[in-house]
Amino acid sequence: MTSTKPKVTGKPEKIRDSNKPIRSDEEDFALHAMHQWEEERPDLDFSHQSIVLRLIRLGLYARRENGIIFQRELKVRGEDVRVLFALRRAGAPFRLRPTDLFKSLLIPSATMTRQLDRLVKAKLVSRILDPNDKRSALVELTPRGLKLSDAAMETIRKHSRVSTAVQHLGRKDKEQLEGLLSRLIASVEKDGPLE
C-alpha cells in the first residue's frame with residue numbers, strides 16, 4: 001500500500017502571493033525537525049506538525065523578545081506586562097477578578113498570586129474589595145500601572161520584530177492569517193480552557 005502523505009522537501013519553494021522563498025531546511029527549524037521525525041518515525045504522518053512547530057516557535061520568540069524589550073526599556077518583566085495589558089484592555093476602571101486574569105492569561109492561580117504580589121509591591125496594581133461581593137477581591141490598575149501599560153504598548157509596537165514582520169504582510173495575507181488563526185484557536189478552545 002502506498003502512502004499518500006505529502007513529503008516535506010528541503011528545497012526552497014515560493015510562498016503563495018509572495019516573491020520571497022521559504023527558507024531551506026538548514027535555516028528553517030520546523031522543516032529540519034520534520035525531516036528528523038520522518039527519518040525516526042516514517043510510519044507516522046507529521047505533515048501538519050510543521051505548522052504547529054512554527055506556531056510554537058513564533059509564540060516563544062515573541063514572548064522572549066517582549067520580555068527582553070520590556071526589561072530593557074521599562075525595567076519590568078514581560079509576564080507582568082501581560083497582566084497590566086489584561087487590566088488595561090478591560091477598560092475603565094481597569095479592574096478584573098484574579099480568576100478572570102489567570103484564566104485569560106492561561107497561567108496557574110499560584111503564579112498569578114505571585115505576579116500580583118509583585119505588581120502590588122511595585123504600586124502598579126492594587127487589590128480592592130469587590131463592591132458586589134465583599135468576600136471577593138478585584139485587581140485594579142493604579143495610575144502608575146496605567147501609564148506603564150500604555151508605554152509598554154507603544155514600546156512593543158516600536159521595537160518588536162514580530163510586530164514589524166506582521167505589519168509588513170500584505171492586507172490579504174493578514175486577513176487570511178487572522179482568519180486561519182481564529183479558526184484554529186476556536187477549534188482548540190471549543191471544549192473550554194485548559195485546566
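In the predicted model, the axes of helix H2, which spans residues 49–74, and helix H6, which spans residues 143–159, come within 10 Å and cross at roughly 120°. Because an angle between 115 and 145 degrees is neither roughly perpendicular nor roughly antiparallel, the two helices H2 and H6 are therefore oblique to each other, and the crossing in which H2 passes H6 is right-handed. On the side of H2, the contact is made by Glu-65, Asn-66, Ile-69, Phe-70, Arg-72, Glu-73 and Leu-74, while H6 contributes Leu-148, Ala-151, Ala-152, Thr-155, Ile-156 and His-159. Sorted by character, the residues of this contact between H2 and H6 comprise seven nonpolar, three polar and three charged.

Helix H2 also meets helix H3, which covers residues 78–89. The axes of H2 and H3 come within 8 Å and cross at roughly 95°, and the two helices are therefore roughly perpendicular to each other. In this contact, Arg-63, Gly-67 and Phe-70 of H2 meet Gly-78, Val-81, Arg-82 and Phe-85 of H3, and the participating residues divide into three nonpolar, two polar and two charged. Phe-70 of H2 thus appears both in the contact with H6 and in the contact with H3.

A further set of contacts concerns Ser-149, which is placed in helix H6. With a relative accessibility of 1%, Ser-149 counts as buried, and, when residues up to four places away in sequence are not counted, Ser-149 touches Leu-84, Phe-85 and Arg-88. Of these, Phe-85 is also one of the H3 residues that meet H2.

The strands are arranged around E3, which runs over residues 133–141 and pairs with strand E1, residues 95–96, in the antiparallel sense over two bridges. Strand E2, residues 125–130, likewise pairs with E3 in the antiparallel sense, here over six bridges, and E2 and E3 form a hairpin with two residues between them. Val-139 of E3 takes part in both pairings, since it stands opposite Leu-96 and is also the bridge partner of Arg-127.

The loop between H3 and E1 holds two backbone features. The peptide bond that leads from Ala-92 to Pro-93 is cis, with omega near 10°, and Pro-93 lies in this loop between helix H3 and strand E1. Phe-94, whose place is in the loop between H3 and E1 as well, has a positive phi of about 60° although it is not a glycine. With a relative accessible area of 15%, which is under the 20% cut-off, the residue Phe-94 is buried.

A positive phi is also found at Leu-106, where the value is about 55° although this residue is not a glycine. Leu-106 belongs to the loop between helix H4, residues 98–105, and helix H5, residues 109–121. The relative accessible area of Leu-106 is 57%, and this residue is exposed, whereas Phe-94 is buried.

Terms used. Residues are numbered from 1 along each chain as its sequence is written. This is a predicted model: local features need pLDDT of at least 70, side-chain atom pairs count only at pLDDT 80 or more; totals for chains, interfaces and linings use all residues. Side-chain values use heavy atoms; hydrogens and water are left out. Axes are lines fitted to C-alpha atoms, for helices over the stretch in contact, and angles run from 0 to 180 degrees between N-to-C directions. Helices (H or I, at least four residues) and strands (E, at least two) are DSSP runs, numbered from the N terminus. Angles under 35 degrees count as roughly parallel, over 145 as roughly antiparallel, 65 to 115 as roughly perpendicular and the rest as oblique. A crossing is left-handed if the near helix is turned anticlockwise from the far one by less than a right angle, and right-handed if clockwise. Contact means heavy atoms within 4.5 Å. Ala, Val, Leu, Ile, Met, Phe, Trp, Tyr, Cys and Pro count as nonpolar, Asp, Glu, Lys and Arg as charged, and the others, Gly among them, as polar. Two strands pair if DSSP finds at least two bridges between them. Buried means under 20% relative accessible area, exposed over 50%, partly exposed in between (1.4 Å probe, protein chains only).
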